[in-house]
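Please read the following account alongside the sequence and the model. It goes from the chain as a whole to the core, then to helix packing and a few single residues.

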Amino acid sequence: MTARAIGGVLAGRVSGERARTFQKVWRDSRHPGDYESRRWARENTFPSSENNARMTQLEHLMLSTKLPGRRRGIVGDVELAVYRFLLRRRCRKTGRLDYAINYISQAVRRSRSAVVTALKNLKAHGFLDWQRRTEPVDDYQPGGQYVRQISNAYFLTLPGKVANIIRRILRRPPAGQAEAIQTRKIREAWDALPPEEQLAQVTDPYLRKTLERMSRLFSDRASPPGGMIEAVSE
């Protein structure tokens with residue numbers, strides 16, 4: 001029995017898979033760390049003005065898939081309420097979003113099972129993703145539970161088509177072009193500065209002196225002592 005358990009752990013390490021802990025937690029859970037912090041910053045930190053655009057697209061999905069005589073489409077009122085809660089309650093600075101399901105159900109005044117189904121539907125249609133998480137148990141008893149489940153970390157993703165629609169609504173450049181536009185603006189502003197101001201912004205003293213010598217050299221060549229530019233003989 002012991003040899004089999006050790007062999008299973010070693011096999012998991014050799015194959016690169018995460019070894020099973022046999023604790024009462026969800027599979028693929030991880031302790032809090034940089035993973036969710038990076039995803040929160042990347043996917044949850046957008047202006048509040050984008051909230052309405054996202055809600056509009058989710059409502060459009062509900063109405064466009066609603067059959068005659070039915071109250072909802074592939075998403076419904078519960079999904080709208082849960083998504084609205086997540087949009088409003090995310091941290092604007094860090095993007096942190098890790099409310100417990102019981103807290104969400106109380107906030108939107110829906111049953112826990114309805115909220116769980118709504119979260120799954122939002123994820124299935126690309127409007128949400130999450131990471132299950134655990135944390136160590138302090139002063140655990142030998143042979144007992146040494147990790148426990150905590151609230152999920154939620155990420156406000158978007159389907160590709162919806163993301164493009166929102167960019168057009170908010171008049172944003174396509175993905176990948178915003179950095180290029182910002183770089184071009186910085187370069188244009190730098191080129192518009194007089195040479196002396198450009199040199200003043202150089203912090204390295206050796207580089208500043210080198211640039212000053214080059215500037216004087218080019219100035220002397222452009223304006224010869226005679227005050228006239230000599231003709232080039234053929």
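**From the chain to single residues**

Of the 234 residues in the protein chain, 26% are buried. The model is a predicted one. The protein chain holds 10 helices and 2 strands, and from the N terminus its elements follow the order α-α-α-α-α-α-β-β-α-α-α-α. Among contacts between residues at least 6 apart in sequence, 64% join residues at least 24 apart.

The core is a convenient place to start. In soluble globular proteins, nonpolar side chains tend to be buried together. Here the largest nonpolar core has 33 residues, and the members that touch the most others are Val82, Leu86 and Leu119. At least two residues of this core come from each of helix 3 (49–64), helix 4 (77–89), helix 5 (101–108), helix 6 (112–124), strand 2 (147–155) and helix 7 (160–169). Helix 4 gives the most, with 8 residues. Val82 shows how the core is joined across the sequence: leaving aside neighbours within four places, Val82 is in contact with Ile104, Val108, Val115, Ala118, Leu119 and Leu122.

How do the helices around this core pack? Helix 4 and helix 5 meet at an angle of about 110°, and their axes are 10 Å apart. An angle from 65 to 115 degrees counts as roughly perpendicular, so helix 4 and helix 5 are roughly perpendicular to each other. On the helix 4 side the contact consists of Ala81, Val82, Phe85, Leu86 and Arg89, and on the helix 5 side of Tyr103, Ile104, Ala107 and Val108. Sorted by class, this contact has 8 nonpolar residues, no polar residues and 1 charged residue.

Helix 5 also packs against helix 6, at an angle of about 105° and with the axes 9 Å apart. This pair is therefore roughly perpendicular as well. Helix 5 contributes Ile101, Asn102, Ile104, Ser105 and Val108 to the contact, while helix 6 contributes Arg112, Val115, Val116 and Leu119. The classes are 6 nonpolar, 2 polar and 1 charged. Ile104 and Val108 appear in the contact with helix 4 and again in the contact with helix 6.

Ser105, in helix 5, deserves a closer look. Is this serine buried or exposed? Its relative accessibility is 8%, and the limit for buried is under 20%, so Ser105 counts as buried. The side chain of Ser105 reaches the backbone oxygen of Asn102 at 2.7 Å. Not counting residues up to four places away in sequence, Ser105 touches Arg110, Ser111, Arg112 and Val115.

Between helix 5 and helix 6 runs a loop that includes Arg109. Most residues other than glycine have a negative phi. Arg109 departs from this, with a positive phi near 60°. Arg109 is exposed, because its relative accessible area is 79% and the limit for exposed is over 50%.

Further along, Lys123 is found in helix 6. At 36% relative accessibility, Lys123 falls between the two limits and so counts as partly exposed. Beyond four places in sequence, Lys123 touches Leu128, Asp129 and Trp130. Lys123 and Leu158 are 35 residues apart in sequence, yet their C-alpha atoms are 9.6 Å apart in space.

Strand 1 (residues 129–136) contains Gln131. With a relative accessibility of 10%, Gln131 counts as buried. Outside the four nearest places on either side in sequence, Gln131 touches Asp28, Ser29, Arg30 and Tyr35, and also Asn152, Ala153 and Phe155. Strand 2 spans residues 147–155, and Asn152, Ala153 and Phe155 fall within that range.

Glu196 lies later in the chain, in helix 9 (residues 195–200). Glu196 counts as exposed, since its relative accessibility is 54%. Glu196 and Glu212 are 16 residues apart in sequence and 8.9 Å apart in space, C-alpha to C-alpha.

Conventions:
Residues are numbered from 1 along each chain as its sequence is written. This is a predicted model: local features need pLDDT of at least 70, side-chain atom pairs count only at pLDDT 80 or more; totals for chains, interfaces and linings use all residues. Side-chain values use heavy atoms; hydrogens and water are left out. A nonpolar core is a set of buried Ala, Val, Leu, Ile, Met, Phe, Trp, Tyr and Cys residues joined through side-chain atoms within 4.5 Å. Buried means under 20% relative accessible area, exposed over 50%, partly exposed in between (1.4 Å probe, protein chains only). Helices (H or I, at least four residues) and strands (E, at least two) are DSSP runs, numbered from the N terminus. Contact means heavy atoms within 4.5 Å. A polar contact is a pair of N or O atoms within 3.5 Å; within protein, one must be able to donate a hydrogen and the other to accept it, and residues adjacent in sequence count only if both atoms are side-chain atoms. Axes are lines fitted to C-alpha atoms, for helices over the stretch in contact, and angles run from 0 to 180 degrees between N-to-C directions. Angles under 35 degrees count as roughly parallel, over 145 as roughly antiparallel, 65 to 115 as roughly perpendicular and the rest as oblique. Ala, Val, Leu, Ile, Met, Phe, Trp, Tyr, Cys and Pro count as nonpolar, Asp, Glu, Lys and Arg as charged, and the others, Gly among them, as polar.
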